[in-house]
Every structure is written in C-alpha cells, then in structure tokens.
Amino acid sequence: FRDIYIFIAILAVVEVGFSCAFGGIAYPRRMEWHADGKSPFMVPIWDLFDLQEVSDVSDGANSLAPFIGMVLLAIYLFISQILLINLLIAMMNTSYAEANKKSEEEWAASRASSIRELRMLLPVPPPLS
C-alpha cells in the first residue's frame with residue numbers, strides 16, 4: 001500500500017497546483033467554491049474522471065484567457081492520466097519484484113528448515129525406519 005499512498009500524495013499535489021492555476025485564470029466573479037464543477041478549483045478533479053466539458057475552460061465567458069485554459073487542461077490531462085498512471089505502474093512493478101525476490105528467499109529458508117527438522121526426527125531414511 002506504500003506505493004498507492006505515495007501516488008495519492010503526488011496526485012494531490014498536482015491536483016492542488018492545477019486547481020490554483022485554473023482559479024487564477026477564472027473571472028473574479030467565478031471564484032466561488034462549488035462541488036458540482038462550476039468552480040474553477042474543481043476543474044482538475046472533474047477532469048480526472050472526464051466529467052468536465054472542455055467549453056467550461058476554453059470559452060471566454062468562464063476564463064480570462066481561453067487559450068491558456070486549454071493549454072493548462074492539456075498539460076494537466078497529460079500529467080495526470082499518462083505520466084502519473086505510468087509512474088504508479090512502475091512503482092507497483094518494483095514492489096512486486098521485491099516481494100517476489102523475498103518470497104523465493106523465504107521459500108528456500110522454509111525448505112531448509114523442514115529438511116533439517118526431518119533429519120533430526122528421522123535419522124534414518126523413511127523406507128528403513
């Protein structure tokens with residue numbers, strides 16, 4: 001679970017950063033906090049699940065700089081949906097490789113312990129005992 005916690009922390013930093021960026025280019029009258037996607041601060045969170053309309057960022061009625069809004073949205077989607085997901089996959093792959101290596105060592109230690117215990121209990125091989 002350590003990998004997921006690190007991923008969520010990185011994603012939260014990206015979400016907060018882009019929320020502030022979208023809030024910075026919004027009209028002052030639009031700087032309200034709504035959970036339904038009307039707030040510029042909620043744009044990254046809704047876009048993470050593809051629930052936001054592109055026109056909410058790109059038209060002049062909602063933003064001081066529609067081109068900057070589109071560029072920010074494209075950068076955000078690239079970072080959150082491609083880079084961060086690939087980062088999560090790589091982190092989990094590394095954890096799996098470490099766990100697999102440890103499991104092989106534990107299996108070998110368990111087998112050696114079983115053989116030693118059987119030699120102590122049965123000094124003669126089973127067909128002769």
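Okay, Ser-80 first: it's buried, with a relative accessible area of just 2%. Keep in mind that what you're looking at is a predicted model. Ser-80 sits in helix H4. What does Ser-80 touch, once we skip residues up to four places away in sequence? Leu-48 and Ile-85.

Now slide along to Leu-87, which is also a residue of helix H4. Is Leu-87 buried or partly exposed? The cut-off for buried is under 20% relative accessible area, and Leu-87 comes out at 32%, so we call it partly exposed. Here's something to find on the screen: Asp-3 is 84 residues away from Leu-87 in sequence, yet in space the two are 9.8 Å apart, C-alpha to C-alpha.

Let's zoom out for a second. The protein chain has 4 helices and 0 strands, so from the N terminus on you just read α-α-α-α. There are 129 residues in the chain, and 24% of them count as buried. As for the surface, the chain exposes about 9,100 Å², with carbon and sulfur atoms supplying 68% of that. And if you take the contacts with a separation of 6 or more, 59% of them are between residues 24 or more positions apart.

Right, on to the core. In general, nonpolar side chains in soluble globular proteins tend to be buried together. In this model, the largest nonpolar core has 12 residues, including Phe-7, Phe-18, Val-43, Tyr-76 and Leu-88. Which elements give two or more residues to this core? Those are helix H1, running 2-25, and helix H4, running 66-121. H1 gives the most, with 6 residues.

Phe-7 is a nice one to click on. Leaving out residues up to four places away in sequence, Phe-7 touches Leu-84, Ile-85, Leu-88 and Met-91. Remember Ile-85? That one is also touched by Ser-80.

Last thing, how do those two helices pack? The angle between H1 and H4 is about 175 degrees, and their axes are 10 Å apart. Angles over 145 degrees count as roughly antiparallel, so that's what H1 is relative to H4. And what's in the contact of H1 with H4, by class? We get 22 nonpolar residues, 2 polar ones and 4 charged ones.

Terms used
Residues numbered from 1 in each chain as written. Predicted model: local features only at pLDDT ≥ 70, side-chain atom pairs only at ≥ 80, totals over all residues. Heavy atoms only, no water. Core = buried A, V, L, I, M, F, W, Y, C linked by side-chain atoms within 4.5 Å. Buried < 20%, exposed > 50% of the residue type's maximum accessible area, 1.4 Å probe, protein only. Contact = heavy atoms within 4.5 Å. Axes fitted to C-alpha atoms, helices over the stretch in contact; angles between N-to-C directions. Parallel < 35°, antiparallel > 145°, perpendicular 65-115°, else oblique. Nonpolar A, V, L, I, M, F, W, Y, C, P; charged D, E, K, R; others polar. Areas by Shrake-Rupley, 256 points an atom, 1.4 Å probe, with all protein chains shown as cover.
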